[in-house]
Amino acid sequence: MKIIHKIIPSILAAALITGHAHAATVGIGSNPQGSVAYSSASAIARVVSENSDHRMRVVPQGGPETTIPMVNDGAMEFSVSNAVDAIYAVRGQEIFEGREYSNMKVVAALFPLNVGFFVHDSSDIHNIADLAGKRVPTGFGRQQGLLMMSRAMLATEQLSEDDINGVFTPSGTRGIQDFIAGRTDAAVFSVGSGAVAEANASVGGIRFLSLSDTPEELEAIRGVTPGAFIATLSPAPNLPGIIDETNVWMTPFVLLASDNTPDDLVYEVTRLIHDHAESLASAAAVFKSFDPMNMMVELEDIEYHSGALKFYEEIEEP
């Protein structure tokens, strides 16, 4: 990856106006608790709330397929998402088929989002090809982005959902619960997330399946998920399931806003994220890989918010 420097539903409205009497309250959408999205959104909300006059509240939903339309239409100010889903949204493709959310803009690249299939450490499943015929979660009606990631990884071995024994699940976290309960042979989720750590502790050890890092496999992945890469991870205390060097699906995890989000608000949030890297890492382990000098990455078909660009232009000045 080349680095380069509407009306709000009454329940949501009530949630977003709760807080300090004199603090402006803004919302940041995320996936449900237990996900990387929720922990990263919570960390950003904490930094913004503790270091500005804004009271930022996390609004957990089903995922970007729910939060991106809300931000696009001005019902919420920010959302976290992986870059692939953001590109889908602007293009009106896949999980956003026929609905182009052209107001969406990137605020910042936060960290790499690493995703993979994992199995019991003692399993005889050793690679993606071995998933053929096995009980594997699929469907992901509330988390369609994860469905596309799964399809991309299966495609690296010319597999599809017809080749697995699909167990339908509404979300990645529910799929992990099925895995813990023994209803599936594998699960798929973000590396380093709380839900994966729970699975690792519950079943006595897990192991992520490694992709083959070849040009052909990368092409297969990008054919399904534009903006994705293959990343190599090494074992670390905060990465349960990474037993040896392991190749996983990766895309930048990003903070999004829209043309409806005021420039001055975006500028301030961008500055706070840049200036409080240590606080973010303390609040959420996923931010340990955050580099404030790499908050702009080269993405297809989606622009950066003008408020964020103003900040980036200022810090590039000699």
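**A guided tour from glutamate 94 to the enclosed spaces**

Select glutamate 94 to begin: its relative accessibility is 40%, so this residue counts as partly exposed. The model in the viewer is a predicted one. Glutamate 94 sits in the loop that joins helix H4 (83-91) to E4. Its backbone deserves a look, since phi is positive, about 50 degrees, although the residue is not a glycine.

**A second positive phi**

Next, select aspartate 301, in the loop between helix H10 (277-283) and helix H11 (306-316). Here phi is near 65 degrees, again a positive value in a residue other than glycine. With a relative accessibility of 48%, aspartate 301 counts as partly exposed.

**The nonpolar core**

Now turn to the interior. The largest nonpolar core contains 107 residues, and those with the most contacts inside it are Ile44, Phe78, Leu110, Phe118, Leu255 and Phe287. Which strand provides the largest share of this core? Select residues 104-120: this is strand E4, and twelve residues of the core come from it.

From there, centre the view on phenylalanine 287. Apart from neighbours within four places in sequence, phenylalanine 287 is in contact with Ser40, Ala43, Ile44, Leu110, Phe111, Leu280 and Ala281. Two of these partners, Ile44 and Leu110, are themselves listed among the core residues with the most contacts.

**Helix H5**

Select residues 144-155, which form helix H5. At 1.5 Å a residue, its twelve residues should span 16 Å, and the end C-alpha atoms are 17 Å apart, which agrees. Is H5 largely enclosed or open to the outside? Ten of its twelve residues are buried, so the helix is largely enclosed by the rest of the structure. The buried residues are Gly145, Leu146, Leu147, Met148, Met149, Ser150, Ala152, Met153, Leu154 and Ala155.

**Two cavities beside H5**

Keep H5 displayed and add the largest cavity, which holds about 200 Å³ of space. Of the 17 residues that line this cavity, Asn31, Asn82, Leu113, Gln143 and Met149 are the closest to its centre. At least two lining residues come from each of helix H2 (36-51), strand E3 (78-82), E4, H5 and strand E7 (187-190). H5 gives the most, with three residues. By class, the lining divides into nine nonpolar residues, seven polar and one charged.

The second largest cavity has about 40 Å³ of space. To display its lining, select Val136, Pro137, Thr138, Leu147, Ser150, Arg151, Leu154, Glu161 and Ile164. Strand E5 (135-139) and H5 are the elements that give two or more residues to this lining. Which element gives the most? It is H5, with four residues. Five of the lining residues are nonpolar, two are polar and two are charged.

**The largest pocket**

Move on to the largest pocket, whose volume is about 260 Å³. Its lining has 15 residues, and Pro112, Asn114, Leu239, Val286 and Ser289 lie nearest the centre. The element that gives the most to this lining is E4, with four residues. The classes are nine nonpolar, five polar and one charged.

**Leucine 233**

Asn114 leads to the next stop, as it is one of the residues that leucine 233 touches. Select leucine 233, in strand E9 (residues 229-233). This leucine counts as buried, at 13% relative accessibility. Not counting residues up to four places away in sequence, leucine 233 also touches Val191, Ile242, Asp244, Glu245, Thr246 and Val248. For a distance check, draw a line from leucine 233 to isoleucine 243: the two are ten residues apart in sequence, and their C-alpha atoms are 9.6 Å apart.

**Glutamate 217**

The last selection is glutamate 217, found in helix H8 (residues 215-224). Is this glutamate buried or exposed? Its relative accessible area is 6%, so glutamate 217 is buried. Leaving aside neighbours within four places in sequence, its contacts are Thr156, Glu157, Leu211, Ser212 and Ile230. Finally, pick the C-alpha atoms of glutamate 217 and glutamine 158: they are separated by 9.6 Å, while the residues lie 59 places apart along the chain.

Terms used: Residues are numbered from 1 along each chain as its sequence is written. This is a predicted model: local features need pLDDT of at least 70, side-chain atom pairs count only at pLDDT 80 or more; totals for chains, interfaces and linings use all residues. Side-chain values use heavy atoms; hydrogens and water are left out. Buried means under 20% relative accessible area, exposed over 50%, partly exposed in between (1.4 Å probe, protein chains only). Contact means heavy atoms within 4.5 Å. A nonpolar core is a set of buried Ala, Val, Leu, Ile, Met, Phe, Trp, Tyr and Cys residues joined through side-chain atoms within 4.5 Å. The expected span of a helix is 1.5 Å times one less than its number of residues. On a 1 Å grid over the protein atoms alone, a cavity is a set of points where a 1.4 Å probe fits but cannot get out, and a pocket is an open set with protein on both sides within 12 Å along at least five of seven lines; lining residues have an atom within 4 Å of a point. Grid points are joined across faces, edges and corners, and a volume is the space filled by probe spheres set on the points. Ala, Val, Leu, Ile, Met, Phe, Trp, Tyr, Cys and Pro count as nonpolar, Asp, Glu, Lys and Arg as charged, and the others, Gly among them, as polar.
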